[in-house]
Amino acid sequence: MIIEFVVDNFRSIKNEQVLSLIAEGEKDNHPENYLTTDQPSDIAILKTAAIYGANASGKTTLLEALLLFRELVLSSMEYKIDEIISYYEPHRLDEQYENKPTKFEIEFLAPDLYEKETNQRYNYSISYNKKFILSEELLIFKSTKPSTLFKRESDSPVKWGEYLKGKKQTIESILLDNQLFLSVAGNTKDHPLNVIYRFFRDCISSFRSVGIIGGMELDSYTRRQLTGEHSDTFAQKLTQLLKAADTGIQGIRVKEVKMDSVEGLKIEGAPAIPDEFLELIKKDLASRPFAVHDKYNGEELIGVQEFDIMKESQGTIQLFDLAGPVIETLQAGSTLIIDEISTSLHPDITKFIISLFHSKKTNPFNAQLIFSTHDIITLTSDIFRRDQIWFTQKDNYGATSLFSLLEFGKNIVRKGTNFGSWYLKGKFGALPFINRNLFIPFEDEEEVSNGEA
């Protein structure tokens with residue numbers, strides 16, 4: 001589970017911003033929304049966090065910072081000597097920050113390095129620029145005070161903590177300036193840091209809507225699972241979720257569909273795609289999911305009717321594609337990141353998905369959901385605690401700030417406050433400022449009204 005994420009100097013984020021998933025006080029308020037751990041200081045970790053804000057305020061930037069941090073850990077060992085770190089994207093609206101380091105930090109729960117059945121609290125941080133990893137540090141909480149596993153700073157030998165065993169100096173001797181020690185050690189056979197590497201690889205994932213682009217149907221995690229090793233079990237759980245959401249779908253079946261050529265996969269106006277690659281796409285799309293609906297003669301049930309899933313409504317397609325990652329995350333007890341969770345979904349469906357993560361029955365392994373949305377209907381004390389609600393807002397200089405509803409205090413936002421109504425009234429900020437006077441489609445509206453355009 002993620003406890004806290006910190007980002008500094010990344011895209012629209014100029015100064016350090018902190019997304020905390022620690023439940024602050026109010027233990028009797030929605031106790032199902034958080035997990036109390038037996039870690040030092042008995043921290044309570046939230047299962048969900050919702051991020052609201054105007055378009056272009058930085059919601060996506062915050063979520064992508066976390067996912068980019070993950071990708072850098074997973075892939076930095078592939079960098080060659082002197083190769084540019086492609087993940088370096090500093091704030092460019094202030095020239096003082098264009099060459100400053102980007103910093104990421106994450107605090108999280110993962111298995112103990114040596115006793116895999118026991119969860120342990122860690123803190124991992126890095127800073128880097130276009131060419132170099134400037135610092136890298138991994139801490140472990142054996143008590144309320146963290147202990148160093150390793151600490152690395154540019155132009156200095158790596159400092160080792162007493163708890164870290166396995167190969168150290170050997171890896172350090174081959175480590176390039178643009179590579180993370182965690183990436184290299186995490187991919188070394190039987191190294192204790194395999195545990196931390198697997199956390200980034202297996203315990204943080206994201207969902208992006210796929211559907212159709214340029215007339216070409218795209219693959220999704222849900223579709224792949226329907227043809228995977230445990231496809232029958234997955235199809236059953238998928239059907240249960242779709243039925244629970246009142247889609248009218250009674251089942252999902254996968255059929256083999258013959259495609260004679262790749263011509264239908266080519267997108268008009270797009271760069272040419274090699275036929276060899278299109279053949280692979282054709283093979284993937286040959287196994288197609290069909291939604292099973294009840295069929296009637298008047299009021300009499302007489303059988304079923306199957307439709308290609310792409311014939312369903314856009315909302316149903318969205319839910320179908322989202323269902324796979326949700327099911328997998330709940331089963332794995334991992335963290336799912338979703339930008340704009342409410343796209344094409346009815347607000348009640350969005351609330352249903354959130355409720356799956358809050359319920360101990362549907363979320364026995366304490367999975368997490370971190371998402372952005374514009375759906376004000378879900379912005380309510382019936383669903384969230386104040387510490388689960390976050391806002392992003394840009395200042396006059398284009399820099400993103402992140403703040404929690406908790407920061408407004410109990411005296412301002414009382415129990416039972418209509419969060420959504422207050423937000424729309426501008427009491428929390430994080431709304432777009434719309435200036436209609438900046439858009440004047442006609443120079444003289446009186447002339448246009450008289451037909452003299």
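These legends go with a set of close-ups of a predicted model.

**Close-up 1. A three-stranded open sheet, S14-S15-S16.** The strands of this sheet come in the order S14-S15-S16, and the pairing is antiparallel. Strand S14 (251-256) and strand S16 (300-308) sit at the edges, each pairing on one side only. Put a line through each strand and, direction ignored, neighbours in this sheet are turned by 40° against each other on average.

**Close-up 2. Where S15 meets S16.** Here we zoom in on strand S15 (residues 287-297) and S16, which run antiparallel and are joined by eight bridges. For a handy landmark, look for Asp-294, which stands opposite Val-304 in S16.

**Close-up 3. Arg-70 and Glu-71, a salt bridge between side chains.** The model has 15 salt bridges in total, and this view picks out one of them, with Arg-70 and Glu-71 meeting at 2.6 Å, N to O. How buried or exposed are the two partners? Arg-70 counts as buried because its relative accessible area is 15%, under the 20% cut-off. Glu-71 has a relative accessible area of 31%, so this residue is classed as partly exposed.

**Close-up 4. Glu-107 and Arg-121, a salt bridge between S6 and S7.** The closest N and O atoms of Glu-107 and Arg-121 are 2.6 Å apart. Glu-107 belongs to strand S6 (residues 102-111) and Arg-121 to strand S7 (residues 119-128), so their salt bridge ties together parts that are 14 residues apart in sequence. As for exposure, both Glu-107 and Arg-121 are buried.

**Close-up 5. Arg-152 and Glu-136, a salt bridge between S9 and S8.** For this pair, the closest N and O atoms are 2.8 Å apart. What does the contact tie together? Arg-152 is in strand S9 (residues 147-153) and Glu-136 is in strand S8 (residues 133-140), so the pair links parts that are 16 residues apart in sequence. Arg-152 and Glu-136 are both buried.

**Close-up 6. A salt-bridge network of Arg-11, Glu-64 and Glu-89.** In this last view, look for three residues rather than a pair: Arg-11, Glu-64 and Glu-89 are joined into one network by salt bridges that share partners.

Technical notes
Residues numbered from 1 in each chain as written. Predicted model: local features only at pLDDT ≥ 70, side-chain atom pairs only at ≥ 80, totals over all residues. Heavy atoms only, no water. Pairing = 2+ DSSP bridges. Helix = DSSP H or I, 4+ residues; strand = E, 2+ residues; numbered from the N terminus. Axes fitted to C-alpha atoms, helices over the stretch in contact; angles between N-to-C directions. Salt bridge = Lys/Arg side-chain N within 4 Å of Asp/Glu carboxyl O. Buried < 20%, exposed > 50% of the residue type's maximum accessible area, 1.4 Å probe, protein only.
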